[in-house]
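Hi,

Here is the structure I said I would pass on. Have a look at it first, and then read on for what I found.

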Amino acid sequence: MNQVKIGKFISACRKDKNLTQLQLAEKLNVTDRAVSKWENGKSMPDTSIMLNLCSILGISVNELLIGEKIDMENNNQINEQLLLDMSKELEKKNKTIWVSMWIIMIVSTIAFLAATLAASYFMPEGIWQLIVVIASCVVFLIPCFYALKLEVSVGAYKCKNCGHEIVPTYMQALNAMHMGTTRYLKCPKCNKRTWCKKVLKK
């Protein structure tokens with residue numbers, strides 16, 4: 001999606017309806033600054049207000065997302081292209097989240113090992129050494145919990161038995177035994193517990 005093109009389209013439609021940015025903002029319960037950001041291509045309207053925005057501007061959601069009026073003859077072709085673009089954008093976002101998750105895990109693991117080794121070799125045995133080791137564990141666990149949240153938020157886990165793609169809750173993923181990003185989960189389709197491999201595409 002081209003945010004700049006969409007922004008110009010929102011601006012043109014708003015002016016066609018003889019609305020100021022402030023008037024449009026008031027109808028949507030947002031600030032005029034938010035409307036200005038949309039029109040300048042700096043951000044997109046939230047999905048929760050898209051239908052209301054389209055209704056006010058007299059356009060369809062598809063027209064909003066491609067940033068132009070749609071000729072009915074080309075409607076199906078544009079819909080297919082829009083779905084393809086959205087799929088590619090979601091895939092790109094998922095890959096970014098996936099890479100971020102691995103970076104968090106690698107950095108936190110290195111930091112944990114470095115702190116533990118430093119405490120073991122460079123600090124005298126005693127209470128302070130124990131405090132440093134415990135603190136390292138806590139600091140290591142916090143990013144691990146966040147990394148798991150990122151892991152669960154993208155893709156799904158594929159059941160080894162029937163191939164069904166499972167999207168567990170955070171707590172289900174947290175409580176499941178795992179090896180890397182493969183988790184021992186109960187499949188809602190075949191009702192069996194298997195080692196389910198993470199796949200990015202839902």
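By contact I mean heavy atoms within 4.5 Å of each other, and that is the sense of "covers" in what follows. Bear in mind too that this is a predicted model.

Let's start at the N-terminal end, with helix α1. The buried residues there are I6, G7, F9, I10, S11, C13 and R14. What covers them? The cover includes α2 (21-28), α3 (32-39), α4 (47-57) and α5 (61-66). The length of α1 checks out as well: for its 14 residues (3-16), 1.5 Å a residue gives an expected span of 20 Å, and the end C-alpha atoms are 20 Å apart, which agrees. Both flanks of the helix have something to show. At the N-terminal end, N2 acts as the cap, with a side-chain oxygen 3.1 Å from the backbone nitrogen of V4. Just after the helix, N18 takes a positive phi of about 55°.

Those helices turn up again in the largest nonpolar core. That core has 19 residues, and the members that touch the most others are I10, L24, W38, L53, L57, I59 and L64. Each of α1, α2, α3, α4 and α5 supplies at least two residues, and the largest share, 6 residues, comes from α4. W38 is worth clicking on. Setting aside residues up to four places away in sequence, W38 touches Q3, G7, I10, L28, V30, S43, M44, P45, I49 and L53. Two of the α1 residues named as buried above, G7 and I10, are on that list.

There is also a second, separate core, this one of 10 residues, and it includes V152, A173, A176 and C187.

Next, helix α7 (residues 127-153), which is where Q129 sits. Is Q129 buried or exposed? With a relative accessible area of 15%, against a cut-off of under 20%, Q129 is buried. Its side chain reaches the backbone oxygen of A119 at 2.8 Å. A119 is also among the contacts of Q129 once neighbours within four places in sequence are left aside; the others are S120, M123 and P124.

Further along α7 you'll find Y146 and L150. L150 counts as buried, at 13% relative accessibility, whereas Y146 comes out as partly exposed at 46%. Not counting residues up to four places away in sequence, L150 touches I97, S100, M101 and I104. M101 comes up for Y146 too: the two are 45 residues apart along the chain, with their C-alpha atoms separated by 8.2 Å. For L150 and Y170, which are 20 residues apart along the chain, the C-alpha separation is 9.7 Å.

Last, the sheet. In what order do its strands run? It is an open sheet of 5 strands, in the order β2-β1-β5-β4-β3, with antiparallel pairing. The edges are β2 (165-166) and β3 (178-179), each of which pairs on one side only. Moving in from the β2 edge, β1 (residues 156-158) and β5 (residues 193-199) are paired in the antiparallel sense over 3 bridges. In that pair, K158 stands opposite K197 of β5.

That's what I have for now. Shout if anything is unclear.

Cheers

How values were computed: Residues numbered from 1 in each chain as written. Predicted model: local features only at pLDDT ≥ 70, side-chain atom pairs only at ≥ 80, totals over all residues. Heavy atoms only, no water. Helix = DSSP H or I, 4+ residues; strand = E, 2+ residues; numbered from the N terminus. Expected span 1.5 Å × (residues − 1). Buried < 20%, exposed > 50% of the residue type's maximum accessible area, 1.4 Å probe, protein only. Polar contact = N/O pair within 3.5 Å; in protein donor to acceptor, adjacent residues only side chain to side chain. Pairing = 2+ DSSP bridges. Core = buried A, V, L, I, M, F, W, Y, C linked by side-chain atoms within 4.5 Å.
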